[in-house]
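Q: I would like to learn how to read a model like this one, feature by feature. Could we start with the way helices pack?

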Amino acid sequence: MRLTRTDPWLETLNPKQREAVAHAGGPLLVVAGAGSGKTWTLACRVAQLIDRGVPPQRILLLTFSRRAAREMLSRAERLIGSDRPAAAGRVWGGTFHAVANRLLRLYARPLGLSPDFTVLDQSDGADLMNLIRGDLGLAARERRFPRKETLASIYSRTVNAGVPLEGVLRQAFPWCAEEADGIRLIFREYTSRKRAQRVLDYDDLLLFWRALAEDPGAGPHMAGRFDHVLVDEYQDTNALQADILLALHRTVPNVMVVGDDAQAIYSFRSATVRNILEFPERFPGAGVVKLEQNYRSTQALIDATNAVIALSPQRHDKTLWSDRGTGSRPVLVTCRDEAEQCDEVCRRVLEHRERGVPLRRQAVLFRTGHHSDLLEVELARRNIPFVKYGGLKFMEAAHVKDVLALLRVLENPFDEVGWFRVLQLPEGMGPVAARREMAALGLGGDPSPDPGRTPLSRFLEGEYRPSAVREIEPLRQALADCTRDDPPAAAQIERLRRFLEPVFARRYEGANARLRDLEQLEGLAGRFPSRSRLLAELALDPPTSTSDLAGPPLLDEDYLILSTIHSAKGGEWDAVHLIHAADGMIPSDMATGNSDDVEEERRLLYVALTRARDALYVYFPLRYYRRPRGLDDAHHYAQLTRFLPPGVLDEFDRDGVDPAAETGDGPPDAAATAAASGVDRFLSGLWDEEPPPRHLAVTAPRPADWPGGADRDARASGVGEGDPGAAAGGTPRRPPRVHGVAPPALDR
DNA sequence: AATATCCGTATTTTT
DNA sequence: TACGGATATT
């Protein structure tokens, strides 16, 4: 391809980037180191293609999240000449799953699918497994059978890695190997029920897309829609996704993938770096471009991150460098404990803000969602606004599932998981009654093929009504109202909410907070043209941040970013604060089983550290006031993460307390703490009934006016479960504003 | 058969 | 700690 314009932005590219952007045709692998302008390069590539006359709808851009696609396309949009307004909006962009969802509805017929299929998310899939496990009588036996979540992940791993069940069990779930027969039985039934119910789970979306792509008739037709396929974050794709790409490539010569094997962090989802490493063999004639200049970070930070990844035994064949200047070295901040870690983070965050770095240009990163719990309380106390990405369990909350089940049953009357939940909403209806009712509605076995008589219509006609169950009638009316005249999704939620009000009041504590979550959902629904689009969207691109739910107004404000490392992928911030850099946190002690897992944790740390542009702080609390594993010790000393050994630490400045002084002879307060815990242990030894307190009082006192004071209610709000800082109603966990707006009140 | 209560255990990351 | 599973109670 020839560059057709000499737009100024072309000159912003370095020779390697330009090579990638201008690549003439055929497969291309771009190995893009952290911060090497990958997103920018992809955006330029898209813009360049459109400028050259490729119709935007003939470009397929596959990313790891919808957010990433949006980001890239909006950048491309700004590059494209103004004579083509909104051209980038017509690019096919999204995750593999979201694109599959779209394509499969177009090509449902040749695949033998119903175009109206609904999508089962991971926990729905697990619920279906559970339903089947009950039906097959595998639940109540002597030996314990794998839990539904385990079943779901065994299944998913088998499918995505393309490895036979036996192998998966042996490698990843050895403790379930004896149950292989039962598992096989469940999987068989699981598959046939999904088909009968017209539902697809995440894995099905990929499986059917692959089947479509490999189909001699429909495959080329589907692939023929596209002239270019671009894949971002290719290191985090799995075997199934590679197959899809390969099949597309039979028809589409122009396949470009971008990735970095040093940033592979999704092997738990069966992703494999082999996709990148073997790309040149699997796509013969592929060009390879390596982007090694880092535009993000200062050299001092790059020296540190290079040192971290250099210890990886795998070969990462890149040397990153920067011309942004030396900058200041990263800082390892040793803290006495978690509380001090919170103080240190807050202090440094505010310091940077004073120096002109707004909160939103700063991020606090951590390994798992709950690692930020204490910090969230402290931020709230100090009136520092924040938004949290990842770890949000909005979709997992029981009350949210309740409404979604209702919507799903309306959308797809054959959805067994949905019905099972819906039918247990009325008072007096439990699992047994629900199963009986489902049988009466024609669910569970082969659903009736007669389109005029769905389980929904049968239910609405009221063939069967257990007289003892009073609330079945309100349920029927609510569902009926939602089918009459096909009201918009938001109106349906409003109607369902009225039905759910007494149900929630009876079932949940903090029912009002949960009802307010439904109002949030109602607001969200208003942005979608149909119920089916809303459901697909929620399944494929669930709200990932507290702000996703709150809507646009918040975006004008300044707020600190809190994020899991996984959710931070692709992001960059002027100042990055990584907390809990202790062994057991990173690497997570759940991932220290085999060396592959540990290596992935190392890359995870690498990803976290490489998000920083100018300033990087790594915080390490010496002492944790919680029981590590059922031991009676009220605190224990942590080790610095094994990924920052002395050689690597040479690249860091040090701050905070002196670890030797803390753990050794110790200053008075450490001694006092140790003594206190010793006394507690002694006392508890005397009566031996009450275990010693789990926490010595280290958490910041919680102001009475902050909703987190009502602990139980905060938990019951469902959002950010168990998190005292959680505001009601799914709104961002936002502390009272600096300017004095009161926090949302939680009902008691 | 449903609901209340108690106990043990697993405990991450996301489409 | 919070959830699932098991047991006790209505």
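Q: What describes two packed helices?

A: Two numbers are used: the angle between the helix axes and the distance between those axes. In this predicted model, take helix α7 (residues 122-135) and helix α10 (residues 180-197): they pack at about 120 degrees, and their axes are 10 Å apart. The crossing of α7 and α10 is right-handed.

Q: Which residues make the contact between α7 and α10?

A: From α7, look at L128, M129, I132 and R133; from α10, the partners are I186, E189, Y190 and R193. By residue type, this contact holds 5 nonpolar and 3 charged residues, with no polar ones.

Q: R188 also lies in helix α10. Is R188 buried or exposed?

A: Here you count neighbours. R188 has 11 other C-beta atoms within 10 Å, and a residue with 12 or fewer is classed as exposed, so R188 is exposed. You can also place R188 against a distant part of the chain: E537 is 349 residues away in sequence, and the C-alpha atoms of the two are separated by 28 Å.

Q: How many of the residues in chain A are buried, as a percentage?

A: Of the 748 residues in chain A, 48% are buried. Chain A contains 32 helices and 18 strands. For the links across the sequence, consider contacts with a separation of 6 or more: 76% of them join residues 24 or more positions apart.

Q: Which residues have the most contacts inside the largest nonpolar core?

A: That core has 197 residues, and the ones to look for are V30, V46, W209, V403, L560 and Y619. Y619 makes a good worked example. Setting aside neighbours within four places in sequence, Y619 is in contact with V333, C335, Q341, E344 and V345, and also with H577, L578, I579 and A581.

Q: Now for the DNA. Which residues come nearest to DNA strand B?

A: There are 28 residues around DNA strand B, and G369, G390, G430, V432 and A433 come nearest. Two elements, α5 (96-106) and α21 (431-440), give two or more residues to this surface. The one that gives the most is α21, with 3 residues.

Q: How do the residues of that surface divide by type?

A: The surface near DNA strand B is made up of 15 polar, 10 nonpolar and 3 charged residues. A good exercise is to find α21 in the viewer, since α21 gives the most residues to this surface.

How values were computed
Residues numbered from 1 in each chain as written. Chains lettered and ligands numbered in written order. Predicted model: local features only at pLDDT ≥ 70, side-chain atom pairs only at ≥ 80, totals over all residues. Near = placed C-beta within 6 Å. Helix = DSSP H or I, 4+ residues; strand = E, 2+ residues; numbered from the N terminus. Nonpolar A, V, L, I, M, F, W, Y, C, P; charged D, E, K, R; others polar. Core = buried A, V, L, I, M, F, W, Y, C linked by C-beta atoms within 7 Å. Buried ≥ 20, exposed ≤ 12 C-beta atoms within 10 Å, placed from the backbone. Contact = placed C-beta atoms within 7 Å. Axes fitted to C-alpha atoms, helices over the stretch in contact; angles between N-to-C directions. Left-handed = near helix turned anticlockwise from the far one by under 90°.
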